[in-house]
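Visitor: Please take me through one part of this model in close detail. I would like to start with the sheet, then see how its surroundings connect to the rest of the chain.

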Amino acid sequence: MAEVTLAVDGTTVTVPGGSTILDACRALDNDQPTLCYLDNLTPVNVCRVCVVEVEGNRTLVPSCSRPAEEGMEVATDSDRVRHSRKMVYEFLASSVELDLVDEETVAWMDRYGCDPDRYGPPADPSGDRDQRKAGHHRIGPGTAAETVHQPVKVDNELYVRDYSRCILCYKCVEACGEDAQNTFAIAVAGRGFDARISTEFDTGLTDSACVFCGNCIGVCPTGALMFRSEYELRQAGMWEEEGQTVTRTICSYCGVGCNLDLHVQDNRIVKVTSPMDHSVTSGHLCIKGRFGYEYVQEVGDLAVTPIDEILRRARIDDRGPRRHPEPRA
Ligand code: SF4
Ligand code: SF4
Ligand code: FES
């Protein structure tokens, strides 16, 4: 495809045909905020924090998915762009728990002077989000900021779903679906503000189509999806990311050659991720690579580090403690 030349904030840039406006911005080291975009997923353009102004276009356009065109004139920092981004961030922060988002997101929110508190104190959590039906949205009194709060879903040993932190970016749905796993265990249920990520009929993960690959955790930008081990350590006030080391290795389970990043705290593996720029897996793994590390650190009866008790708790699900096979005589 022929190259295209456009102007971003008055600076001319030439990019390969098929590039997006975001690609053009990045070619100029003029990065833009994103929430629902990730290099290893198909853009779904739902969050709208990446919008820019294009000369001659009536509406703002999502830079993450709009193709760059010859002669385009793009403005990434106009009053209209700043105002729009500020509103999007404020709406999200007034209704969603965002305390685990990355530093870049926090910096963008500061840059736009976001003040989510101006929408009022958080409304009381309704507790019934999973039961809401499209077309039956109740209208609040208008004195408090509506919230997406719902209880944390802890229904298995491997990962936890805390949809009070969910910005509905669809990344997990994409990763569970056509972009990686092709399992389609999760999707968006409901409409409007009642929309939420759900399994079929809101069934528990262990009764759903989920194969526990954890690829949804790998792409979640807000901590809504989290390793059970990380969740339990955070609950106990013992999650120490600054003190953790990350060691890259190769998965030992099969010949595909997936790269694993082992996150280690107190000499214990506390979670496993995979580099997005790996040519084979693009950051995605299967259940064995992501969760099958326990054989290198059996903590069943050998509580020797301060975090072993917590890690053992992370192995307990609704059906009681995990039952290990009896050792052979
Ligand atoms: S763990 Fe895998 S299969 Fe299960 S919901 Fe997440 S992406 Fe889908
Ligand atoms: S759970 Fe995470 S990845 Fe899925 S939609 Fe919510 S914020 Fe996005
Ligand atoms: S990052 Fe572009 S719409 Fe979400």
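Guide: What follows is a walk through the sheet, then outward to the second domain and the ligands. Keep in mind that this is a predicted model.

Start with the layout. Five strands make an open sheet in the order β2-β1-β5-β3-β4. The pairing is mixed. β2 (11-15) and β4 (61-62) are the edge strands. Each has a single partner strand, so one side of each is left without a neighbour in the sheet.

Take the β2 edge. Strand β1 (residues 4-8) runs antiparallel to β2, and five bridges join the two. Thr5 faces Thr14 of β2 across this pairing. The two strands form a hairpin, with two residues between them. Asp9 sits in that turn and has a positive phi of about 50 degrees.

Now cross to β5. β1 and β5 run parallel, joined by two bridges. Here Ala7 has Glu73 of β5 as its bridge partner.

At the other edge, β3 (residues 51-54) meets β4. Two bridges hold this antiparallel pair. Val51 is opposite Pro62 of β4. A helix covers part of the sheet: α2 (residues 79-95) lies across β3 and β5 (73-75). The angle between α2 and β3 is about 160 degrees.

Ser63 deserves a stop. This residue is in the loop between β4 and β5. Is Ser63 buried or exposed? Ser63 has 29 other C-beta atoms within 10 Å, and 20 or more count as buried, so Ser63 is buried. Which residues is Ser63 in contact with, leaving aside its neighbours within four places in sequence? They are Thr20, Ile21, Leu22, Cys25, Gln32, Cys50, Val51 and Val52. Val51 is thus a contact of Ser63 as well as the residue opposite Pro62. Val188 lies 125 residues from Ser63 along the chain, and their C-alpha atoms are separated by 24 Å.

Next, the wider frame. The domain assignment splits the chain into domain 1 (1-118) and domain 2 (159-321). Their C-alpha centres are 29 Å apart. At the contact between them, 17 residues of domain 1 meet 17 residues of domain 2. On the domain 1 side, the touching residues are 12 nonpolar, two polar and three charged.

Then the ligands. Ligand 1 is surrounded by 13 residues, with Cys176, Thr183, Cys210, Cys213 and Cys216 the closest. Helices α4 (171-176) and α5 (215-219) each supply at least two residues of this shell. By class, the shell around ligand 1 has nine nonpolar, four polar and no charged residues.

Ligand 2 has 14 residues around it. The closest are Cys166, Cys169, Cys172, Cys220 and Ala224. This shell divides into 12 nonpolar, one polar and one charged.

Finish with helix α6 (residues 228-235). Six of its eight residues are buried, so α6 is largely enclosed by the rest of the structure. The buried ones are Arg228, Ser229, Glu230, Tyr231, Glu232 and Leu233. They pack against β6 (159-161), β9 (225-227), β12 (268-273) and α8 (308-313). Gly237 follows α6, with a positive phi near 70 degrees.

Methods. Residues numbered from 1 in each chain as written. Chains lettered and ligands numbered in written order. Predicted model: local features only at pLDDT ≥ 70, side-chain atom pairs only at ≥ 80, totals over all residues. Near = placed C-beta within 6 Å. Nonpolar A, V, L, I, M, F, W, Y, C, P; charged D, E, K, R; others polar. Pairing = 2+ DSSP bridges. Helix = DSSP H or I, 4+ residues; strand = E, 2+ residues; numbered from the N terminus. Contact = placed C-beta atoms within 7 Å. Axes fitted to C-alpha atoms, helices over the stretch in contact; angles between N-to-C directions. Domains from an automatic or database assignment. Buried ≥ 20, exposed ≤ 12 C-beta atoms within 10 Å, placed from the backbone.
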